[in-house]
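Visitor: Could you walk me through this model and show me how each label is earned?
Guide: Gladly; ask away once it is on the screen.

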Amino acid sequence: MATQIVMDRTGDTRHTFDVHDRAEVEKAERRFMELTGAGFTAAVRTGPGEQRVIRSFDPTAEETLFYPRLVGG
Amino acid sequence: MTQQIVLAICSFVLALLGTVLLSALSLAVARSGSCSKSFRFETEARALTLLKDWLSPKQRASYERFRYFDVVGSHTGTRYRIHHGTQTNIEEISGTGQHVCKWCFVPDGDLVAGDVMLAQKIALETNERGALAVAHRSFVSSGPRRF
């Protein structure tokens with residue numbers, strides 16, 4: 001199982017999908033495209049405290065975190 | 001005489017009804033405030049759990065002890081200290097450990113501190129220039145913190 005974590009006003013919303021289920025993977029990919037298209041940044045963990053930003057959907061990523069576009073505070 | 005008694009009873013009943021309605025309204029408002037407070041608390045707790053999951057052991061230990069953690073900028077190697085908070089909570093630290101300035105950038109939307117700090121960490125560690133390009137910089141002296 002893989003998880004997409006989307007930061008929002010509730011803290012975060014989690015979408016879990018079975019990486020072996022084609023329909024679920026396609027749905028997760030659509031969500032990825034929608035979120036990144038809306039300005040969210042997607043990041044995956046690569047080690048303790050380490051991460052990399054991804055520009056395209058990675059179905060093998062166990063956990064993908066999305067945070068909204070950054071703005072000056 | 002009878003008319004006066006009926007009027008008195010009606011006034012009493014109306015006053016009683018008014019009191020009951022007001023009490024019910026106060027109770028509803030109090031409960032609503034309590035729910036909202038509880039919701040905010042749960043949101044903040046969930047965001048802090050997520051943040052700690054993504055911090056390195058060293059960053060997590062620092063955050064738990066001091067309510068801040070350090071990150072290294074991906075392009076310049078500059079050290080930034082992210083304090084608990086949601087605005088003007090990033091401090092640039094010089095090579096000698098001195099305060100240089102403050103930076104402020106946040107993820108769009110009304111997010112709680114844990115989420116804001118995690119987005120700031122990822123942004124500085126993976127795309128420092130991009131993050132600072134949208135950030136506001138301030139040189140206010142570091143007096144008592146109000147994060």
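Visitor: Where does His84(B) sit in chain B?
Guide: In this predicted model, His84(B) belongs to the loop that links strand E2 (79-83) to strand E3 (90-93) of chain B.

Visitor: Why is His84(B) called buried?
Guide: The relative accessibility of His84(B) is 16%. Buried means under 20%, so His84(B) counts as buried.

Visitor: What makes the pairing of His84(B) with Tyr63(B) a polar contact?
Guide: The two side chains come to 2.7 Å. The limit is 3.5 Å between N or O atoms, so His84(B) and Tyr63(B) qualify by distance.

Visitor: What is notable about phi of Thr88(B)?
Guide: Thr88(B) is not a glycine, yet its phi is positive, about 45°. Most residues other than glycine have a negative phi. Thr88(B) lies in the loop between E2 and E3 of chain B.

Visitor: Why is Thr88(B) labelled partly exposed?
Guide: Its relative accessible area is 29%. Partly exposed covers what falls between under 20% and over 50%, so Thr88(B) takes that label.

Visitor: Which value does phi of Arg67(B) take, and where is Arg67(B) found?
Guide: Phi of Arg67(B) is near 65°, positive in a residue other than glycine. Arg67(B) is in the loop between helix H2 (57-66) and strand E1 (68-72) of chain B. With a relative accessible area of 46%, Arg67(B) is partly exposed, because exposed would need over 50%.

Visitor: Let us turn to a helix. How do you know that the length of H3(B) fits expectation?
Guide: H3(B) has 14 residues and spans 20 Å from its first C-alpha to its last. At 1.5 Å a residue the expected value is 20 Å, so the span is close to expectation.

Visitor: What makes H3(B) mostly covered?
Guide: Of its 14 residues, 12 are buried. Among them are Asp115(B), Gln120(B) and Lys121(B), along with Val116(B), Met117(B) and Leu118(B).

Visitor: Why does Val116(B) count as buried?
Guide: Val116(B), in helix H3 of chain B, has 3% relative accessibility. The cut-off is under 20%, so Val116(B) is buried.

Visitor: Which residues does Val116(B) contact beyond its neighbours within four places in sequence?
Guide: Val116(B) is in contact with Gly85(B), Thr86(B), Val106(B), Pro107(B) and Leu111(B). Val106(B) is 10 residues away from Val116(B) in sequence, and their C-alpha atoms are 6.0 Å apart.

Visitor: Which residues of chain B does Val71(A) contact?
Guide: Val71(A) is in contact with Phe105(B), Val106(B), Asp108(B) and Val134(B). Val71(A) itself is in strand E6 (residues 70-72) of chain A.

Visitor: Why is Val71(A) not simply called buried?
Guide: Val71(A) has a relative accessible area of 27%. Buried requires under 20% and exposed over 50%, so Val71(A) is partly exposed.

Visitor: Which residues lie nearest the centre of the largest pocket?
Guide: Thr41(A), Tyr67(A), Leu70(A), Asn127(B) and Gly130(B) do, out of a lining of 13 residues. The volume is about 210 Å³. The largest share of the lining, 3 residues, comes from H4(B), and by class the lining has 6 nonpolar, 5 polar and 2 charged residues.

Visitor: What makes the largest cavity a cavity rather than a pocket?
Guide: A cavity is a space where a 1.4 Å probe fits but cannot get out, whereas a pocket is open. The structure holds 1 cavity of 30 Å³ or more, and the largest cavity has a volume of about 30 Å³. Its lining includes Gln4(A), Phe17(A), Phe32(A) and Phe57(A), and divides into 4 nonpolar, 3 polar and 1 charged.

Visitor: How do you know that Gln4(A) is buried?
Guide: Gln4(A), in strand E1 (residues 2-8) of chain A, has a relative accessible area of 1%. That is under 20%, so Gln4(A) is buried.

Visitor: What does the side chain of Gln4(A) reach?
Guide: It reaches the backbone oxygen of Ala28(A) at 3.0 Å. The side chain of Gln4(A) also makes a polar contact with the side chain of Arg31(A), at 2.6 Å. Both distances are within 3.5 Å.

Conventions: Residues numbered from 1 in each chain as written. Chains lettered and ligands numbered in written order. Predicted model: local features only at pLDDT ≥ 70, side-chain atom pairs only at ≥ 80, totals over all residues. Heavy atoms only, no water. Helix = DSSP H or I, 4+ residues; strand = E, 2+ residues; numbered from the N terminus. Buried < 20%, exposed > 50% of the residue type's maximum accessible area, 1.4 Å probe, protein only. Polar contact = N/O pair within 3.5 Å; in protein donor to acceptor, adjacent residues only side chain to side chain. 1 Å grid on protein atoms, 1.4 Å probe; cavity = no way out; pocket = protein on both sides within 12 Å on 5 of 7 lines; lining within 4 Å. Points joined across faces, edges and corners; volume = space filled by probe spheres on them. Nonpolar A, V, L, I, M, F, W, Y, C, P; charged D, E, K, R; others polar. Contact = heavy atoms within 4.5 Å.
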